[in-house]
Every structure is written in C-alpha cells, then in structure tokens.
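Trainee: I would like to know what stands behind the words used for this model. Can we take the terms one at a time and set each value against its cut-off?

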Amino acid sequence: MKLPHIVLVTGTDTSVGKTVTTAALASALQADGRSVAVYKPCQSGAGAGDSDCAEITRLAGPLTSEAGVVLREPLAPVPAAALDGVTLPPLSAHAARVRELASTHDHVLVEGSGGLLVELAPDGGTLADLGSHLGNDATFVVVARPALGTLNHTALTLEALDRRDLAIHGVVLGTWPDNPGVLEHGNRATLGALRPLLGVLPERAADLPPVTFRAASVHWLSGLDFLDGSDFLDGAWS
C-alpha cells in the first residue's frame with residue numbers, strides 16, 4: 001500500500017515511542033531519497049527542555065522540522081496553554097501549514113501529543129479531527145506498546161479511527177524489549193492480525209548513535225512496502 005504524502009503519527013498513550021517512530025520514519029524515507037518535513041502541532045514541556053522536533057532532527061539528520069505552538073509546561077496542550085496564557089491555534093491553521101509543507105516535500109510526518117483524542121485546539125479538536133481536515137491526502141500510523149494492556153488500548157485507538165473513516169496505514173511497536181517473552185510475542189502476533197505491522201523499534205533506540213539509528217531504521221520499519229527490511233523478523237531487533 002503506497003504511503004500517502006501526509007502521515008499522522010499517533011499513539012495508544014503517552015511515552016509509547018511516537019517521537020522515535022517519527023524519527024525512524026523520517027530516516028527510512030530519506031534513505032529512500034524522499035524529502036521529509038516533520039510538523040508537531042503542539043509541543044509541551046519546553047520549559048524543561050523538551051523538543052520533539054529537535055530530537056527527531058538529531059536522530060534522523062537534517063530535515064524541515066517545526067512546531068505549531070510551543071508551551072512551557074509538560075501537560076496536555078489545553079491546560080499547558082492556559083497556564084502559559086496562550087491561545088492555541090485552530091486545527092484549520094495546522095492543516096493549512098501541513099498542506100504548505102506537503103507542497104514542497106514528498107512526505108510530511110505529523111506527530112501528535114499523547115493519544116489520538118488529546119485536545120489540540122480551543123474548540124476541543126484532536127489529532128483525529130486534524131486527520132479529517134486533511135482528508136484523503138493523509139493516513140495514520142498508530143504507535144503501541146508490546147506490553148500488557150496494549151491489545152485493549154490499540155483496539156480502542158483503531159476503533160476511534162475507523163468510526164471517523166480515517167485511513168490507517170498500520171501499527172508500529174515502539175518499545176520492543178531486549179528479552180521479549182511470551183506476552184510480547186503474543187501481543188505482536190495479535191496486533192499484526194488487526195492491522196499491518198509496519199515495524200518494531202527496540203527500547204532505547206534513541207540512545208543509539210544517530211548514524212546507527214538511521215541505518216537500522218530501514219530494518220525496523222520493513223513493513224513499509226518500499227523498504228527492503230529482510231532483517232525485520234530474523235535480525236538483531238526481532
């Protein structure tokens with residue numbers, strides 16, 4: 001299935017590996033000769049030095065990377081904006097900027113905040129609603145944990161997307177442990193039966209040297225049909 005120009009990266013929860021997955025997607029696409037822009041509608045936690053755009057650029061290498069709004073507190077966007085005294089942009093503004101980036105890049109990767117239905121705009125608009133704004137030009141990649149509880153969390157996220165008739169390109173497991181057991185392997189098989197399993201990223205992938213990260217991304221994300229990822233199932237990160 002051809003990867004659309006706009007890919008919205010969402011998660012089943014916070015801290016499931018969305019940023020590292022976005023960086024791996026960017027790395028793999030750039031390795032295939034494609035130009036990539038990364039857009040983060042709402043960046044929280046800037047007061048503590050958090051910047052997903054900076055982290056993605058560090059791992060994936062030079063690319064266009066920007067946030068729609070930057071907030072100081074490490075909270076969901078709406079309460080963080082209230083504490084900062086900032087008015088969040090409407091989803092239409094984010095959609096317009098994503099389309100602008102798409103006009104000059106092969107792909108735009110849009111990383112959400114927390115899970116799919118976290119509010120990003122004053123009217124309660126979410127990443128799912130942003131996907132509706134972008135229409136048929138966009139698809140979702142869902143990042144999930146391999147751990148206990150992931151089957152329910154992932155099924156709920158997929159159901160929410162299906163109910164809105166939003167395209168789902170597949171699922172990525174963002175924190176694969178060094179020594180997976182029966183639980184992790186079972187969850188991997190079950191999730192792969194629900195939707196295409198695009199890839200599996202190891203825990204602490206972000207700790208790797210960037211050059212190693214970029215080379216490995218092609219193998220981690222071998223479920224993307226344009227990549228040669230023969231190591232996906234039998235390689236060092238399986």
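Trainee: What covers the buried residues of helix H3?

Mentor: The cover includes strand S2 (36-43) and strand S4 (107-115). Helices and strands here are DSSP runs, numbered from the N terminus: H or I over at least four residues for a helix, E over at least two for a strand. The model is predicted, so local features need pLDDT of at least 70 and side-chain atom pairs pLDDT 80 or more, while totals for chains, interfaces and linings use all residues. Residues are numbered from 1 along each chain as its sequence is written, and side-chain values use heavy atoms, without hydrogens and water.

Trainee: Which residues of H3 are buried, and what makes them one face?

Mentor: H3 runs over residues 77-84, and its buried residues are Pro77, Ala80 and Ala81. Buried means under 20% relative accessible area, exposed means over 50%, and partly exposed is in between, with a 1.4 Å probe and protein chains only. Seen down the axis of H3, the buried residues fall within an arc of 100°, so they line one face of the helix. The arc is taken from the directions from the helix axis to the C-beta atoms. On the other side of H3, Ala82 and Leu83 are exposed. Just after the helix, Gly85 takes a positive phi of about 70°.

Trainee: Why is S4 called largely enclosed?

Mentor: Of its 9 residues, 9 are buried, so the rest of the structure largely encloses S4.

Trainee: How do you know which strands pair with S4?

Mentor: Two strands pair if DSSP finds at least two bridges between them. Strand S1 (residues 6-11) and S4 have 5 bridges, in the parallel sense, and Leu8 stands opposite Val110. S2 and S4 have 4 bridges, also parallel, with Ala37 opposite Val108. Both counts meet the rule, so both are pairs.

Trainee: What makes a group of residues a nonpolar core, and which members touch the most others in the largest one?

Mentor: A nonpolar core is a set of buried Ala, Val, Leu, Ile, Met, Phe, Trp, Tyr and Cys residues joined through side-chain atoms within 4.5 Å. The largest has 38 residues, and Leu8, Val110, Leu130 and Leu134 touch the most other members. A second, separate core of 29 residues includes Leu59, Leu63, Leu201 and Trp220.

Trainee: Where is Trp220, and what does its helix pack against?

Mentor: Trp220 is among the buried residues of helix H8 (residues 210-220), including also Phe213 and Val218. The buried residues of H8 pack against helix H1 (18-31), helix H2 (52-60) and strand S7 (197-202).

Trainee: His219 is in H8 too. Is His219 buried, exposed or partly exposed?

Mentor: Its relative accessibility is 25%, which lies between the two cut-offs, so His219 counts as partly exposed. For a value on the other side, Ala189 in helix H7 (residues 182-194) has 52% and is therefore exposed.

Trainee: How do you know that Cys42 is in no disulfide?

Mentor: A disulfide is counted for a pair of cysteine sulfur atoms within 2.5 Å. By this rule the count is 0. For Cys42 the nearest cysteine sulfur is that of Cys53, 11 Å away, so the pair fails the cut-off. Cys42 is buried at 1% relative accessibility, and Cys53 is buried at 9%.

Trainee: What does UniProt list for Lys40, and why is Lys40 called buried?

Mentor: An unreviewed UniProt entry lists Lys40 for "active site". UniProt positions are given in the numbering used here, with feature names shortened, and annotations may be inferred rather than shown by experiment. Lys40 lies in S2 and has a relative accessible area of 5%, so Lys40 is buried. Leaving out residues up to four places away in sequence, its contacts (heavy atoms within 4.5 Å) include Asp52, Cys53, Glu66 and Glu111.

Trainee: And what is listed for Ser44, and where does Ser44 sit?

Mentor: The unreviewed UniProt entry gives Ser44 for "binding site". Ser44 is in the loop between S2 and H2. At 13% relative accessibility, Ser44 counts as buried. Apart from neighbours within four places in sequence, its contacts include Asp50, Glu73, Pro77 and Ala80. Pro77 and Ala80 are also among the buried residues of H3.
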